[in-house]
Amino acid sequence: MSTLLRSHFADTLMDPEHPVLLGLVDIDGGGSKVFLNGVSVAKREYLLPDSRGSWAILYEDGCQRLTGAFAPQALPVGTDLETVTAIGGLVSDSPKRTWQELEEISPAVPDLGSRIKLTALERAIQHALPYLEEACARPKAYLKFETMRVYVSQARRMPARAASYLAAHTEDWERPTLLSVQPKRVLAEVREDEFDIYENRLAVRLVDHLLRVVGPRIAEVSRAQRILAELLDYSGSTRGSHWRAKRICSLWAETVTAEQGEKRARNTLDQLIAIRQRLLALKDSALYRSIPLRADVSDSLKMTNILATDPVYRHVAILWLEWSRNTARRQKPPAQVFGEYRGFCDAFKRYCLLLVVRALSQLGISAQMPEERRAFGAGARVRLSKADLTLSVTASGLIELSAKGQIMISFLPLPAALNRARTDEELELWLSQVSAGVHGVGVGPDRVVLYLSSLVGGSRTLSLAANRYLQTVGNEPSLLSGRKFGLMPVSPWEIDCVERVARCLRWALTAAELRSFPASVRAALPASLTTMPPWLFRVGNELRVLRHPRPHERRGFDIDAVWETAKRTLATAEDEERRLNGVERRGRTPHHERKALAQDAARSRADVRTARTAFYQVDTFKREIERILADHSDVSNCPACGSAADTANGYKHDAKFYEFTCGDCKAQWGVRTCRCCGMRVPFLEIGSTIAIHDRGPGWIDRYVGRDVLAIPLGDGRYECSACGKAV
Ligand SMILES: [Zn+2]
Ligand SMILES: [Zn+2]
């Protein structure tokens, strides 16, 4: 009997030695009941952390115990946990979970507008903070008298036994006089202020508790403020692609208006920072230092005389009550921690599905039958509006886009914050686990791990190369260093996640479409076709369709007329053959005419054969052209703005490349062939990458968004997606 740790996405066995990444490893009890962190687990289940970030598996009979730890950095922080779970909740709460319903759920931080306001507790802190400061500056104290030996000059009040004590201790004498002694030291009652009383402990511990409330809130509001500032920046500036800016702003407009929101967030943030500074100052007060750090008080308030009546301490008590109402400091039971992480992992999958649905609909693709009332979730398969495309979600949460049954791209949702690795070595260790986990999942290099991003713009302690690898579709061989999957950070707290996923989809879909041209025509050019249209191209003996013909070009193409003529010729020849056969069969032909008739019949059979061959050739050719045009998407429409390229002026080609230019937005797209490896590299240039000098991690998503294929190198050339050389 042994518990196996398997990859969540496949049946691969996982090594429990290394720190585990959340969402990557499953426990497979193998039919027997096991306990994970004290919670009973019956079937295959996520390996989840306890409240300290460790895991422990215990068998029912108690004879075997396995333990290990999670990579603490990669675990979600409070705000991630909360927002992702909330979005996942919106998805699972939508009544039918149809495509349309999913399209209406925003993948951005829910209720961003209310998060940037001060909470009731924070307003209470603001109100009561002067009283807390007063209590710390002039604390109440018990008067305490202690008896000790002091110099005579310091003695104020002497206890009754001072004289007898002095008589017995000659070392305290200055010198004896004639009648008595002159004392050097005497026993005296010394007054001391005793600050370590319940009320002061309460005040001091309240300072600690409030700091623990304000800290995460500052992080949350500054995250929100950064989002809003970025949005404001996009709506106002011309930096990067204006298409991208427009899409992002319209997505976030569902949540909050950037301008008012940003001002409000900044204001809230300033107030929170001021509160924290004042609280930190209290930690430096004499009172705070006079109360031992370990002197704790229980959460429930004991109402004393001072707390009830003192004009200062009364407010401290009120604030304590407000705090304890809002926060539960109790240790969460293991089942609750288990449930929270479990819910988070599931919610993250739903969040990723939401991103894919959003990104697809942004690319103009939706479910084929929007009225279809089938719930869309794990195990579902939906046919999409674009020919032959299906989107499916496996039980393990893998999101796959396939065309004609072949997987184009798979997304693997991984709720671990990979970009919080502290060093390149740590990241390498984590990535080797991801590698093992995704081994055998999907096919080809178009696998993208969507991981939880907890950091904006790259970690400062990672190298540039590592940071850049953390955000790639997988078409940059210079970054991949042999790995077979791309990585994309996603988080409700970052504004361009839909763009990032759309870029992955664009690479999978548009690249394949562009690569399908020029398409080889598997039929000979009919001899009767006199003119060669501009969208057909002859290379040696082979014929290729370069692009879809414009409607007028299709009409001007005489294949239909040629086909009609060939058909008519064949019919005429067949009629003639049938007539002559009939004459022969009736046998009434005079003897001397029979030879001529036989010759005519033979000629007509030959004519039929020739006409049939000619018709067959034209028909095969016509069908082949029609098949190609129907099977392939029209790539002459601009991927950025959708308008049709002018095929007379906006199209160039030779045997190794082709390129369209959009007459409206000047975007260029097409395919080049790599001189080094022969790979056909699709590219799309919308004119905004030329002036970009910032090539830091994630620069493509920051400036261009989804409107890119091969990675532009800036000098009009692109990175070959197979060998990394410039094309
Ligand atoms: Zn265009
Ligand atoms: Zn190459």
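1. Strand β18 (residues 519-521) runs antiparallel to β20, and three bridges join the two strands. Within this pairing, A519 has V545 of β20 as its bridge partner. The model under discussion is a predicted one, and the points below should be read with that in mind.

2. Strand β20 (residues 542-545) is also paired with strand β19 (residues 536-539), again in the antiparallel sense and over four bridges, with R538 standing opposite L543 in β20. β19 and β20 form a hairpin in which two residues lie between the strands, and G540 in the turn has a positive phi of about 60°. The two faces of β20 can be told apart by their surroundings, since L543 and V545 make up a covered face, whereas E542 and R544 make up an uncovered one. In a regular strand the side chains alternate between the two faces of the sheet.

3. As for the overall division of the protein, the assignment gives domain 1 (4-74), domain 2 (112-138 + 197-326), domain 3 (142-194), domain 4 (334-515), domain 5 (521-631) and domain 6 (634-727). The C-alpha centres of domain 2 and domain 3 are 52 Å apart.

4. Towards the start of the numbering, an open sheet is formed by three strands in the order β1-β2-β5, with antiparallel pairing. Its edge strands, each of which pairs on one side only, are β1 (4-7) and β5 (45-46). Strand β2 (residues 25-28) pairs with β5 over two bridges in the antiparallel sense, and D26 is found opposite Y46 in β5.

5. A separate pairing concerns strand β6 (residues 54-59) and strand β7 (residues 65-69), which run antiparallel and are joined by five bridges; here the bridge partner of L58 in β7 is R65. The two strands form a hairpin with five residues between them, and G62, which lies in the turn, has a positive phi of about 70°.

6. Two helices deserve comment. In helix α7 (residues 242-252), the buried residues are R244, A245, R247, I248, L251 and W252. Viewed down the axis of α7, these buried residues fall within an arc of 165°, so they line one face of the helix.

7. Helix α16 (residues 497-515) has 19 residues, which at 1.5 Å a residue should span 27 Å, and the distance of 27 Å between its end C-alpha atoms agrees with this expectation. There is nevertheless a kink of about 30° in α16, centred on R506. The helix is mostly covered, with 16 of its 19 residues buried.

8. Another open sheet consists of four strands in the order β21-β22-β23-β24, and the pairing is antiparallel. β21 (651-653) and β24 are its edge strands, each pairing on one side only, and neighbouring strands of this sheet are turned by 15° against each other on average, direction ignored. Strand β22 (residues 658-661) pairs with β23 in the antiparallel sense over four bridges, and the bridge partner of E659 in β23 is G670.

9. Strand β23 (residues 668-673) is joined to β24 by six bridges, the two running antiparallel, and Q668 has E685 of β24 as its bridge partner. β23 and β24 form a hairpin with six residues between them, and G678 in the turn has a positive phi of about 80°. Although β24 is an edge strand, five of the six residues of β24 (residues 680-685) are buried, so this strand is largely enclosed by the rest of the structure.

Note on methods:
Residues are numbered from 1 along each chain as its sequence is written. Chains are lettered from A and ligands numbered from 1 in the order in which they are written. Two strands pair if DSSP finds at least two bridges between them. Domain bounds come from an automatic or database domain assignment. A residue is buried if 20 or more other C-beta atoms lie within 10 Å of its own, exposed if 12 or fewer, and partly exposed in between; C-beta atoms are placed from the backbone. The arc is that of the directions from the helix axis to the C-beta atoms. The expected span of a helix is 1.5 Å times one less than its number of residues. The bend at a residue is the angle between axes fitted to the seven residues ending there and the seven starting there. Axes are lines fitted to C-alpha atoms, for helices over the stretch in contact, and angles run from 0 to 180 degrees between N-to-C directions.
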